[in-house]
Amino acid sequence: MRLAFNAAFAVVLSLLSCVVAAPAWAQGGPSPAPTATISVQPLAAVTAPASFDPLKATNAYLATVKGEARARSDAYFEGGYWLQLVDALYAIAVSALLLWFRISARMRNFAVARTRSRFLQVPIYVVQFLIVTTILTFPLTVYEEFIREHAYGLSNQNFMQWLGDFGTGFAVNLVILVISLTVIYTAVRANPRFWWVWGGIITVVFLMFLSMIEPVFVAPLFNHYYPLKDGPVKAEILSLARSNGIPATDVYEFDASRQSKRISANVSGFLSTTRISMTDNLINRCSPREIEAVLGHEMGHYVLDHNAIGLTWFGLLFFVAFAFVNWGYRWLVGIFGGNWDVRAIDDPAGLPVAVALITVFFLIATPIQNTITRTIETQADIFGVNTARQPDGFATATLKLSEYRKLDPTPLEEFVFYDHPSGRNRIYMMMRWKAEHLNDPDIKAGPVSPQ
Ligand SMILES: [Zn+2]
């Protein structure tokens, strides 16, 4: 698990590097991998053009994933709901521990003893804070990211490989959080009353910068990226890219099989570094029709400027989050500050208070965050099918994603927990599109085999 600041940054970063199908709580590190494959059976009888019923076709697709495979992906995904709550409660408990045992105050005193510069006291405190919280949360991290992934047959890594990626992730987080928190605390000292406005602006600028350098400096630490190899698939993708005004050289492949078998692709970067990348798993496990469908979706993110739109929405959310921290901090420290030896809002020893408040805020805002991303993802799905014209390819790819995503949730479940449309809704969107295009020469009514 990751503490709140990490989690909040991770939410935005993962949005900015939109992954077709990774669950939110599994993002940040490398994605794990399903070893149990779901075989997508050809549809026995999709009805003839005259009576093509999108709902019936959707149900027929959903019915091809059944039994143990369906039960396991439901259990995996539903367990994730509880883990979000467990993560939040754990983060609050860790914060409480640091405050009530005055560990946080001691870390601040250590920093004050090292330097009289209030600017430099912040990074000295933050480094200690990150080491201590990473150690305290390590058991839960191992359970969530290693033990549980293996229990569901989703990971390809042995413990040492996982630990290597974990260590790399920690180092990256350390650099990011030390710099960003040092700058934010400078704003707090400069303007204690309205720091949260500056905090919001600093966060947005920082996230923009981070997402710009991420594909160039961070992603290669975990995976090897290379231009897509030549062949008919590449030719088709480049043609699709050209027709959508996307620079053709911006299609990359990376060795996600190092960590997992998950099929996915993503759009990452910002402005000049924006690029579309797909996993080697997508190439190896999917038919050309499915690959085109997935890439159409990713091109949708690119063309519709979803990075900028997502950043705008999450930027607004950060303003509200910091305003909430500003209010909650004064209230809590007013009551307990003496017990904790924590002072005004510019005291770094109060960081656990801020972390606990941000955790509560983003937990409550879960449906808002998911609705922002789910809306964007829906737009990309629709753009994708309009450009790739592969409704059945997208449907069968969606079924493959069901290895780790519940296919058919209740509407309330989808509203609260889904950062992408559910499998049912995605396939229904595709079948509805297909029903509207049955007279087009390139659209077959079916039956359609996944190849
Ligand atoms: Zn997407």
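Strands β3 (residues 251-254) and β5 are a good place to start: they pair in the parallel sense over four bridges. Please keep in mind as you explore that this is a predicted model.

## A look at the strands

Within the pairing of β3 and β5, you can pick out one partnership by eye: Glu-253 has Met-278 of β5 as its bridge partner. Now turn to β4 (residues 265-268), which runs antiparallel to β5 and is joined to it by four bridges. Here, Ala-265 has Met-278 in β5 as its bridge partner. Met-278 is thus a handy landmark, because the bridge partners of Met-278 include Glu-253 and Ala-265. β4 and β5 form a hairpin with six residues between them. In the turn of this hairpin, Gly-269 has a positive phi of about 90°.

Is strand β5 (residues 275-279) mostly covered or mostly open? It is mostly covered, as five of its five residues are buried. Try following the side chains along β5: Arg-275, Ser-277 and Thr-279 point one way, while Ile-276 and Met-278 point the other way. This fits a simple rule. In a regular strand the side chains alternate between the two faces of the sheet.

β3 can be read in a similar manner. Val-251 and Glu-253 point one way from β3, Tyr-252 and Phe-254 point the other way, and all are buried. β3 also has a link to β2 (residues 225-227): three bridges join these strands, which run antiparallel. One of the partnerships to look for is Tyr-225 with Phe-254 of β3.

## Helix α3 and the nonpolar patch

Next, move to the surface. Trp-82, Leu-85, Leu-89, Ile-92 and Leu-363 form a nonpolar patch there, and together they have about 460 Å² of accessible area. Which element gives the most to the nonpolar patch? The answer is helix α3 (residues 67-100), with four residues.

Leu-89 is a member of the patch and is found in helix α3. Its relative accessible area is 52%, so Leu-89 counts as exposed.

Ser-95 is also found in helix α3, but is it buried or exposed? Ser-95 has a relative accessible area of 3%, so it is buried. Leaving aside neighbours within four places in sequence, Ser-95 is in contact with Pro-352, Val-355 and Ala-356. With Pro-352 there is a polar detail to find: the side chain of Ser-95 reaches the backbone oxygen of Pro-352 at 3.3 Å.

## Two arginines and a tryptophan

Two loops hold arginines that are worth a visit. Arg-102 lies in the loop between α3 and α4 (103-114). Phi of Arg-102 is near 55°, a positive value in a residue other than glycine. Arg-389 lies in the loop between α13 (366-388) and α14 (391-401). Arg-389 has a positive phi of about 55° although it is not a glycine.

Trp-327 belongs to helix α11 (residues 306-340). To see where the chain comes back towards this residue, look for Leu-357: the C-alpha atoms of Trp-327 and Leu-357 are separated by 9.7 Å, and the two residues are 30 residues apart along the chain.

The table sets out how open these three residues are, together with the two from helix α3.

| Residue | Relative accessible area | State |
|---|---|---|
| Ser-95 | 3% | buried |
| Arg-389 | 25% | partly exposed |
| Arg-102 | 36% | partly exposed |
| Leu-89 | 52% | exposed |
| Trp-327 | 54% | exposed |

The words in the last column follow from cut-offs: buried means under 20% relative accessible area, exposed means over 50%, and partly exposed is in between.

## The whole chain

Now zoom out. How many helices and strands does the chain have? Its secondary structure comes to 16 helices and five strands. The chain has 451 residues, and 57% of them count as buried.

The outside can be described too. The chain exposes about 18700 Å², and carbon and sulfur atoms supply 66% of it. As for contacts in the chain with a separation of 6 or more, residues 24 or more positions apart account for 80% of them.

Notes
Residues are numbered from 1 along each chain as its sequence is written. This is a predicted model: local features need pLDDT of at least 70, side-chain atom pairs count only at pLDDT 80 or more; totals for chains, interfaces and linings use all residues. Side-chain values use heavy atoms; hydrogens and water are left out. Patches are made of residues with over 30% relative accessible area and no salt bridge: like charges are joined within 9 Å, nonpolar side chains (Val, Leu, Ile, Met, Phe, Trp, Tyr) within 5 Å. Accessible areas come from the Shrake-Rupley method with a 1.4 Å probe; for residues, only the protein chains shown count as cover. A salt bridge is a side-chain nitrogen of Lys or Arg within 4 Å of a carboxyl oxygen of Asp or Glu. Buried means under 20% relative accessible area, exposed over 50%, partly exposed in between (1.4 Å probe, protein chains only). Contact means heavy atoms within 4.5 Å. Two strands pair if DSSP finds at least two bridges between them. A polar contact is a pair of N or O atoms within 3.5 Å; within protein, one must be able to donate a hydrogen and the other to accept it, and residues adjacent in sequence count only if both atoms are side-chain atoms.
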